[in-house]
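Colleague: I've just opened this one and I'm new to it. Could you walk me through it?

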Amino acid sequence: MTIKKLSRRKFIEALGTAGAISVVPWLPANIAQAKSAGRIIIVGGGYGGATCANYLRQYDPGLEVVMVEASKKIVTCPFSNTVIGGIYKINQLTHGYGGLKKNGVKVINDLVTNIDPSEKKIRLKSGETLKYDRLVISPGIDFKWELIDGYDEAASRIVPHAWKAGEQTVLLRKQLEAMPDGGKVLIATPPKPFRCPPGPYERASLIAHYLKKHKPKSKIIILDANKKFSKQGLFTQGWKKLYPGMIEWIQGSDTTEIESLDVKSRVLKTTFGQTFKADVMNVIPAQKAGVIAHRTDLVNEYGWCPVDQRTFESTKHKHIHVIGDASVAGAMPKSGYSANSQAKVCAAAIISSLRSVPMPEPAYSNTCYSLISPDYGISVAAVYRLKDNKIAKVSGGVSPTKASKRFRRDEADHARDWYRGVVEDSFAAKVKI
Amino acid sequence: MRINRVGLPLLLLLTSSLFMTTPSANGIERVKILAGNCSTCHGPQGQGYEVIPRIGGLDKDDILKLLKDFKSGEETSTIMDRHAKGYTQQEMEQLADYFSKME
Ligand SMILES: Cc1cc2nc3c(=O)[nH]c(=O)nc-3n(C[C@H](O)[C@H](O)[C@H](O)COP(=O)(O)OP(=O)(O)OC[C@H]3O[C@@H](n4cnc5c(N)ncnc54)[C@H](O)[C@@H]3O)c2cc1C
């Protein structure tokens with residue numbers, strides 16, 4: 001092989017697979033040391049933001065990485081359904097940022113109120129402003145409250161959504177504990193796309209797990225906004241086996257939406273004229289990218305952030321990358337695992353760009369485990385690549401429909417290990433479950 | 001620009017050395033991106049947890065054989081088949097090499 005026959009890029013790729021070649025001694029130190037100059041600011045310390053900060057520092061320990069997160073501690077949505085089902089306590093899902101700080105990430109506990117893409121600076125609630133060379137935002141979701149008459153942030157303190165973990169999760173748990181045997185629980189799901197597609201059905205399962213033991217005459221209704229749902233066959237099979245007659249699923253249609261909600265009387269009305277009343281209600285509203293993305297004009301007509309799916313750089317503003325739930329990421333679902341995977345690709349893209357070298361060809365991945373009971377787990381998994389500039393699935397699928405008890409139990413064990421793994425990988429924190 | 005007889009090889013040597021330095025010193029190895037797809041379950045060091053096995057520090061050939069067998073179905077698994085099918089033979093070799101070198 002001669003150099004002439006290969007393009008520079010191909011040549012570099014060929015070298016990459018041939019193995020590392022040591023630094024030539026006469027090169028100036030700034031080239032040899034592989035440092036990328038610049039400050040990278042990350043907005044949001046959830047799954048996407050924390051992983052990105054962690055991996056930027058891992059890929060380049062010389063980099064200045066600043067992460068701004070509104071909360072002192074993170075309470076993870078993954079596994080929060082186990083708190084609602086009475087299996088774990090909320091403090092077991094609460095993690096600090098000590099590990100990230102140890103890895104050299106500067107963590108600022110504040111709210112980002114403004115981003116100025118032309119000046120490349122952000123403003124914090126405290127009044128401070130900070131300049132960046134590259135900005136990553138992973139603000140998660142916010143709700144389209146305006147779509148349901150009578151439902152807003154204040155009303156959600158009576159009828160919880162529990163779609164952001166923490167107080168909301170605990171509130172829903174307390175309401176279930178207070179409900180008498182024979183009570184009715186209603187879960188209203190949001191229209192697609194929403195964070196964690198199997199989440200509402202895992203929630204119904206783990207509520208059923210609690211009710212079966214403690215309030216066996218009770219019922220659960222899932223009022224679905226959609227015609228079908230994630231891992232539907234597997235969930236339905238599991239419900240029949242473990243909770244026969246307890247969970248009723250009401251299929252959605254194109255024409256029916258929730259029209260209004262009276263949180264005081266717990267009465268919900270649909271645009272089709274149906275009325276539902278329940279003892280415990282969990283209404284999960286339609287979703288959009290976190291508000292800071294809207295304020296920065298990073299969103300499309302549906303309220304999500306379009307990006308170059310190779311680098312996650314916004315197609316609306318240069319030098320701002322959007323990852324996690326807020327981004328439009330091809331075939332990847334909005335999950336913590338997806339956000340973690342996107343964050344690593346994004347970190348590699350940013351460092352490559354700062355060093356003016358081609359980024360490695362990306363590969364992405366996702367797995368969503370769901371617990372139907374503590375001993376009954378199911379999953380959906382995929383590996384993705386870039387095809388025609390879109391993230392497309394290349395392998396994967398759901399757990400087999402025909403499987404032994406042992407198989408389901410193994411997947412439930414794997415789900416708990418996955419949680420230990422993803423928290424350590426994203427937040428550099430150890431899980432005690 | 002005219003390059004004399006001595007200059008050409010020297011220039012080639014210079015530029016090729018520069019290129020050679022680029023990937024090791026400046027680029028991010030692709031295998032790190034691939035391995036990032038494994039650490040969420042197997043841990044950042046491939047150390048494993050209560051039931052998901054350790055893969056860091058295993059023998060390279062053993063890892064490679066397991067990955068190939070998960071992909072073909074020869075080795076039974078709950079989830080590794082669905083992941084292994086997403087990688088080429090060459091990528092599996094890179095992954096096996098990478099994890100075999102971990103503590
Ligand atoms: C019930 C439930 C169960 C789930 N289970 C799973 C599961 O089993 N597996 C899985 O993979 N996923 C699961 N998910 C989905 C997962 O929680 C999300 O996909 C994931 O959190 C997305 O990561 P993110 O970084 O985009 O957002 P988040 O993790 O929500 O992080 C966003 C962070 O940004 C901060 N922030 C926002 N705006 C600002 C600002 N202006 N200034 C400062 N900080 C700001 C917020 O405080 C927040 O901490 C579940 C979700 C729910 C609701």
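Modeller: Sure. One bit of vocabulary before the helices: an axis here is a line fitted to C-alpha atoms, for helices over the stretch in contact, and angles run from 0 to 180 degrees between N-to-C directions. Also, keep in mind that this is a predicted model.

Colleague: Okay, so how do α6 and α7 of chain A cross, and at what angle?

Modeller: The axes of α6 (residues 167-178) and α7 (residues 199-214) in chain A cross at roughly 35° and come within 11 Å. The crossing of α6(A) and α7(A) is right-handed.

Colleague: Which residues meet there?

Modeller: From α6(A) you have A:Leu172, A:Arg173, A:Leu176 and A:Glu177, and they meet A:Arg203, A:Ile207 and A:Tyr210 of α7(A). Sorted by type, the residues of that contact are four nonpolar and three charged, with no polar ones.

Colleague: Switching topic: what's around the ligand?

Modeller: The ligand is surrounded by 32 residues, and the closest are A:Gly48, A:Glu69, A:Ser138, A:Arg195 and A:Asp325.

Colleague: What does A:Ser138 do with its side chain there?

Modeller: A polar side-chain atom of A:Ser138 sits 2.7 Å from an oxygen atom of the ligand.

Colleague: And which backbone atoms come up against ligand nitrogen?

Modeller: A backbone N or O atom of A:Gly336 is 2.9 Å from a nitrogen atom of the ligand. For A:Ala70, a polar backbone atom is 3.3 Å from a ligand nitrogen.

Colleague: I'd like to hear about the backbone too. Where is the cis peptide bond?

Modeller: It joins A:Lys192 and A:Pro193, with omega about -5°. A:Pro193 is in the loop between β11 (184-188) and α7 of chain A.

Colleague: What about phi of A:Ser356?

Modeller: Phi of A:Ser356 is near 55°, which is positive even though the residue isn't glycine. You'll find A:Ser356 in the loop between α10 (336-354) and β22 (364-373) of chain A.

Colleague: Last thing, confidence. What are the scores?

Modeller: The model has ipTM 0.89 and pTM 0.91. Mean pLDDT is 93 for chain A, where 92% of residues reach 70 or more. For chain B the mean is 84, with 76% of residues at 70 or more.

Colleague: Where does pLDDT stay under 50?

Modeller: In chain A, over residues 1-33, for which the model has 32 contacts beyond four places in sequence. In chain B, over residues 1-24, with 24 such contacts. Where pLDDT is low, the predicted coordinates shouldn't be read in detail.

Conventions
Residues numbered from 1 in each chain as written. Chains lettered and ligands numbered in written order. Predicted model: local features only at pLDDT ≥ 70, side-chain atom pairs only at ≥ 80, totals over all residues. Heavy atoms only, no water. Helix = DSSP H or I, 4+ residues; strand = E, 2+ residues; numbered from the N terminus. Left-handed = near helix turned anticlockwise from the far one by under 90°. Contact = heavy atoms within 4.5 Å. Nonpolar A, V, L, I, M, F, W, Y, C, P; charged D, E, K, R; others polar. pLDDT = per-residue confidence, 0-100. Near = heavy atom within 4 Å. Polar contact = N/O pair within 3.5 Å; in protein donor to acceptor, adjacent residues only side chain to side chain.
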